[in-house]
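Please work through the exercises below with the model open beside the text. Try each task before reading its solution.

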Amino acid sequence: MSQTPVFPEGFLWGAATAAHQIEGSPLADGAGPSIWTRFAHTPGMMLNGDTGDVACDHYNRWREDVKLMRELGLTAYRFSVSWSRILPEGTGRVNPKGVDFYSRLVDALLENGIEPLLTLYHWDLPAALDDRGGWLNRDIADWFAEYAGVMYRALDGRVKKWVTLNEPWVVTDGGYLHGALAPGHRSRFEAPIASHNLMRAHGAAVKAYRELGKHEIGLVVNIEPKYPASDSAEDQAATRRAHAYMNEQYLHPALLGHYPPELKEIFGEAWPDWPAEDFELIKQKLDFVGINYYTRNVTRAAESYPLNAAMVKQPLGTYTETGWEVFPQGLADLLLWFKRTYGDLPVYITENGAAFFDPPTADVDPRTGARRVRDPLRIDYLRKHIGAVYDAIQAGVDVRGYMLWSLLDNLEWSLGYSKRFGMIHVNYATQERTPKDSARWYAEVIRTHGRKL
Ligand SMILES: N=[N+]=NCCCCNC(=O)[C@@H]1[C@H]2[C@H](O)[C@@H](O)[C@H](O)[C@@H](CO)[C@@H]12
């Protein structure tokens, strides 16, 4: 970044969370179980046996959390809705108390000048639908559109920015190929089917929005630039496969109406011949795309499943607690790639952040009793990545906002509470919230609209 940044007028400064990671009370007020309720209570699936039964108790503490957002000066907040709070069986009967929870949250955000960005699906599929095949059942496109319609009717107008899916790549790579995430399947035959049905469901929900909604809807993907470890043909080919598998697998069908050819090469006999009409459903006009960025990959050819590619650790790189290299230039490179490949569609950075070691309890000043959590590595990470966003905007990419992952320390899926991504520290024993130094820093960035990076 070469000068004091001035971000565009109306640029949104926010933070992001997800229902199952912060809410707790997964079965309260008539909610049905999700695949994560089940997965977390399956022995051996979660580090330390952690579950989302309490999490950050946001289901009860949401007023306090909105107050903290206002104190930090956030102008936007990205959250997700738990499908099985709304439709306990996934389809059919609506649970009014579930709708009320999100309606009250949205009203509180609006009263505090915070724009809601609502994600319809952030991995917590109703268990009842998983029993009917879940993402492997083609009917899920209709089930998802039904659920989306309930939420559009309830909240559209108060919510003006909708997201259909969060990170379909993680849903299938983690949940259907490698099995590390719910529902814990390990099948190279199932993964492409789940992927394709996720995108069909995305298309069906966008189509439903065009009939019911009056504002904006998009898709959120996690993408990361792949750099070849050498200029050997093998490493270049491995990099091309890795790029297609993570970065193009979902954006291509959604925006271009076809898959990248590498997927047939990667999955071979496990890659079906999809019906042409599926792509008419999937490729719906979008108002924006959300990009979740965490790290890059230096990629080499290797014996691996199913990519025959491997990541090369960088000897001089800095790594986060999740083992991801800190590489802010990758965000700028990726945004320029997006613009070159898909054109001038508006983009939001819908997640960016890092887990570094934070203590389980905040420091307390013995004289004043004030609590504090020092997190200089996170401030450095955020400063450099927000700077990369500024550079991409200067280079002509239409980035409209930045959502820091995450508002609160929370349940890092099967890693439990071992990784802290929050700018607000959560003492899980007491549920006490303490804004970390990074939250104070981010508040200044927001107050000065990016000048004080
Ligand atoms: N090598 N490497 N690759 C890094 C791959 C990152 C894939 N994971 C994500 O993007 C998830 C996203 C999720 O929305 C959120 O619910 C998670 O809490 C965060 C943090 O994990 C991120």
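The exercises that follow treat sheets, helix packing, pockets, cavities and unusual backbone spots in turn.

The model is predicted, so local features need pLDDT of at least 70 and side-chain atom pairs count only at pLDDT 80 or more, while totals for chains, interfaces and linings use all residues. Residues are numbered from 1 along each chain as its sequence is written, and side-chain values use heavy atoms, with hydrogens and water left out.

**Exercise 1. The barrel**

Task: Trace the strand order of the closed barrel and find a helix that packs on the sheet.

Solution. Begin with the naming: helices (H or I, at least four residues) and strands (E, at least two) are DSSP runs, numbered from the N terminus. Two strands pair if DSSP finds at least two bridges between them.

Next, follow the eight strands of the closed barrel, which run β1-β2-β3-β4-β5-β7-β10-β13 with parallel pairing. From one strand to the next the twist averages 25 degrees, where angles run from 0 to 180 degrees between N-to-C directions and axes are lines fitted to C-alpha atoms, for helices over the stretch in contact.

Then look at one pair in detail: β2 (residues 76–80) and β3 (residues 115–121) run parallel and are joined by five bridges, and Phe79 has Leu118 in β3 as its bridge partner. Finally, helix α8 (residues 168–177) packs on the sheet, where it touches β3, β4 (161–166) and β5 (216–222), and its direction makes about 40 degrees with that of β5; contact here means heavy atoms within 4.5 Å.

**Exercise 2. The open sheet**

Task: Which strands stand at the edges of the three-stranded sheet, and what does that leave on one side of each?

Solution. The sheet is open, has the order β6-β8-β9 and shows mixed pairing. Since β6 (226–228) and β9 (309–311) each have a single partner strand, they stand at the edges, so one side of each is left without a neighbour in the sheet. The twist in this open sheet averages 45 degrees from one strand to the next.

As a last step, examine β8 (residues 297–301), which runs antiparallel to β9 and is joined to that strand by three bridges; Ala301 stands opposite Ala309 in β9.

**Exercise 3. Two packed helices**

Task: Describe how α7 and α9 pack, giving their angle and the distance between their axes.

Solution. Helix α7 (residues 140–155) meets helix α9 (residues 190–212) at an angle of about 35 degrees, and their axes are 8 Å apart. The contact includes Phe144 and Tyr152 of α7 together with Ala201 and Tyr209 of α9. Sorted by class, this contact of α7 with α9 has 13 nonpolar, three polar and two charged residues, where Ala, Val, Leu, Ile, Met, Phe, Trp, Tyr, Cys and Pro count as nonpolar, Asp, Glu, Lys and Arg as charged, and the others, Gly among them, as polar.

**Exercise 4. Pockets and cavities**

Task: Find what lines the largest pocket, the second largest pocket and the largest cavity.

Solution. First fix the terms: on a 1 Å grid over the protein atoms alone, a cavity is a set of points where a 1.4 Å probe fits but cannot get out, whereas a pocket is an open set with protein on both sides within 12 Å along at least five of seven lines, and lining residues have an atom within 4 Å of a point. Grid points are joined across faces, edges and corners, and a volume is the space filled by probe spheres set on the points.

The largest pocket has a volume of about 1100 Å³, and of its 42 lining residues Trp169, Val170, Asp173, Met246 and Trp324 lie nearest its centre. Helix α8 provides the largest share of this lining, four residues.

The second largest pocket holds about 150 Å³ of space, and α14 gives the most to its lining, with four residues. Among the residues that line this second pocket are Lys226, His243 and Trp337.

The largest cavity has a volume of about 90 Å³, and His20, Glu23, Pro26, Ser82 and Arg85 are the closest to its centre among 13 lining residues.

**Exercise 5. Unusual backbone spots**

Task: Where in the chain do Pro306 and Asn48 lie?

Solution. Most residues other than glycine have a negative phi, and most peptide bonds are trans. A cis peptide bond joins Tyr305 and Pro306, with omega about 0 degrees, and Pro306 is placed in the loop between β8 and β9. Asn48, although not a glycine, has a positive phi of about 60 degrees, and is found in the loop between α2 (35–40) and α3 (58–72).
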